[in-house]
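Here are my notes on this one, written to be read with the viewer open. I hope the numbered points make it easy to follow along.

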Amino acid sequence: MDELVLVKDIEGKDDEEFWERLRADAQTDPDISKLFDVYNLWGSPAELFEQFYNLGVAQSIAELMRRFGITEQCCIADVGCGWGWLPFSLDRLGYKDLVAMEPSNAVRHLKEATEERIEIVTDLDCWRSIRHRFDALVSVATIHHWDHIPWIALEARRTMKSGAFWFVVMEWFADTPAEFIQAMETHPTRVRYHQYEWAYPVTAYVDLIQSVGFSLSAVVPFYYRNNSLLTVGSQAPTPDTIDQEQLNDLVDQHLTGENGTVEMFWAEVDANRRRPNSYKLFTRPQVLVFRRVEVSPVEDGQPN
């Protein structure tokens, strides 16, 4: 732990020069090449949009959102959307009111790919000026890049309607010092390019987001529906010890019920705190679903 290198390129690396460097390194470096394989990064910008759509991840996210009442007519923002593959796919699926928020130049290809049907926000001041607009937010593999999770989560909350949902998809987890070191020392873009990447316990994401006016509403565990909500799901085949049909039925029956999957999540958290090497399904979630809740003032020293 004392030797773990902590370096961050504060200027970011989302420009065309960085992308070309990545493509060049992928031709010779097996770690970068694997990264391209796992995340389907081979091809032109237009091909990458099509490849993501064909993965079926957006279709699975859309199905999940419908279970929480988020339809094609709702106003939805993808926070930290990168290239904008998910908004592109949701647009193709018929969603009418989409916003792609990305403070880097990575989103430049989305405008052409969707013929300007999607509103693109790249200015953080513009994003912070939005108030109570969105029925839902989606973030995909984004939060572990944030320097200050509560700060940015609070800014996101202000853009949402009362009771709106936030679908947190595919985050990066580590529970122990050993897992943390392994994660930080093997992530290819963190090690090679000094991108800001930080693996957290799942409870850290939950506690920090809940602390600024959200409530955990549902948890979609690993292996549910063959990891259809993950762009890297094919890299984690379902083990023989998991009854796929039984797991699917369990989640489907309890996903939106009061305290259903949330109770299963906390039960697994408690079990793993006593037995760190226990199974991890709900504590390695594909999706954490939060809801924006109203916050009462503190009265008599007790929060409501």
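1. Helix α11 has its buried residues at Val202, Thr203, Ala204, Tyr205, Val206 and Ile209. They pack against two helices, α8 (149–158) and α13, and against the strands β5, β6 and β7. Please keep in mind that this is a predicted model.

2. Helix α11, which spans 202–210, also helps to line the second largest pocket, and so does α13 (260–274); these are the elements that give two or more residues to its lining. The larger share comes from α13, which gives the most, with 3 residues. If you want a place to centre a view, Asp175, Pro201, Val269, Asn272 and Arg273 are the lining residues nearest the middle of the pocket, out of 11 in the lining.

3. A word on the character of that pocket. The space inside comes to about 200 Å³. Its lining is mixed: 4 residues are nonpolar, 4 are polar and 3 are charged.

4. Asp175, one of the residues nearest the pocket centre, is also touched by Arg284. You will find Arg284 in the loop between α13 and β7 (287–292). Is this arginine buried or exposed? Arg284 counts as buried because its relative accessible area is 16%, below the 20% cut-off. Beyond Asp175, the sequence-distant residues that Arg284 touches are Phe173, Ala174, Glu179, Pro221 and Phe222. For a sense of scale, the C-alpha atoms of Arg284 and Ala156 are 23 Å apart, with their positions 128 residues apart in sequence.

5. Strand β6 (residues 214–220) holds Val219, which is buried with a relative accessible area of 0%. Setting aside residues up to four places away in sequence, Val219 touches Leu255, Thr261, Phe265, Phe282, Pro285, Val287 and Leu288. Ile181, by contrast, is 38 residues from Val219 in sequence and 26 Å from it in space, C-alpha to C-alpha.

6. Val287 and Leu288 turn up again among the contacts of Phe167. Which residues touch the most other members of the largest nonpolar core? They are Trp166 and Phe167, in a core of 101 residues. Strand β5 (residues 160–169) is the top contributor to this core, giving 7 residues. Outside its four-place sequence neighbourhood, Phe167 is in contact with Leu64, Met65, Phe68 and Ile70, with the run Ala136, Leu137, Val138 and Ser139, and with Val287, Leu288 and Val289.

7. Now to helix α1 (residues 16–26), where Phe18, Trp19, Leu22, Asp25 and Ala26 are buried. Why do these residues share a side of α1? They do so because they span an arc of only 125 degrees around the axis. The spacing fits a general rule: an α-helix has 3.6 residues a turn, so residues three or four places apart point the same way. The partners that the buried residues of α1 pack against are α2 (30–38), α3 (45–55) and α10 (188–193).

8. A last residue to look at is Ser60, in helix α4 (residues 57–66). Ser60 counts as buried because its relative accessibility is 16%, again under 20%. Apart from neighbours within four places in sequence, Ser60 is in contact with Ser228 and Leu229.

Note on methods
Residues are numbered from 1 along each chain as its sequence is written. This is a predicted model: local features need pLDDT of at least 70, side-chain atom pairs count only at pLDDT 80 or more; totals for chains, interfaces and linings use all residues. Side-chain values use heavy atoms; hydrogens and water are left out. A nonpolar core is a set of buried Ala, Val, Leu, Ile, Met, Phe, Trp, Tyr and Cys residues joined through side-chain atoms within 4.5 Å. Buried means under 20% relative accessible area, exposed over 50%, partly exposed in between (1.4 Å probe, protein chains only). Helices (H or I, at least four residues) and strands (E, at least two) are DSSP runs, numbered from the N terminus. Contact means heavy atoms within 4.5 Å. On a 1 Å grid over the protein atoms alone, a cavity is a set of points where a 1.4 Å probe fits but cannot get out, and a pocket is an open set with protein on both sides within 12 Å along at least five of seven lines; lining residues have an atom within 4 Å of a point. Grid points are joined across faces, edges and corners, and a volume is the space filled by probe spheres set on the points. Ala, Val, Leu, Ile, Met, Phe, Trp, Tyr, Cys and Pro count as nonpolar, Asp, Glu, Lys and Arg as charged, and the others, Gly among them, as polar. The arc is that of the directions from the helix axis to the C-beta atoms.
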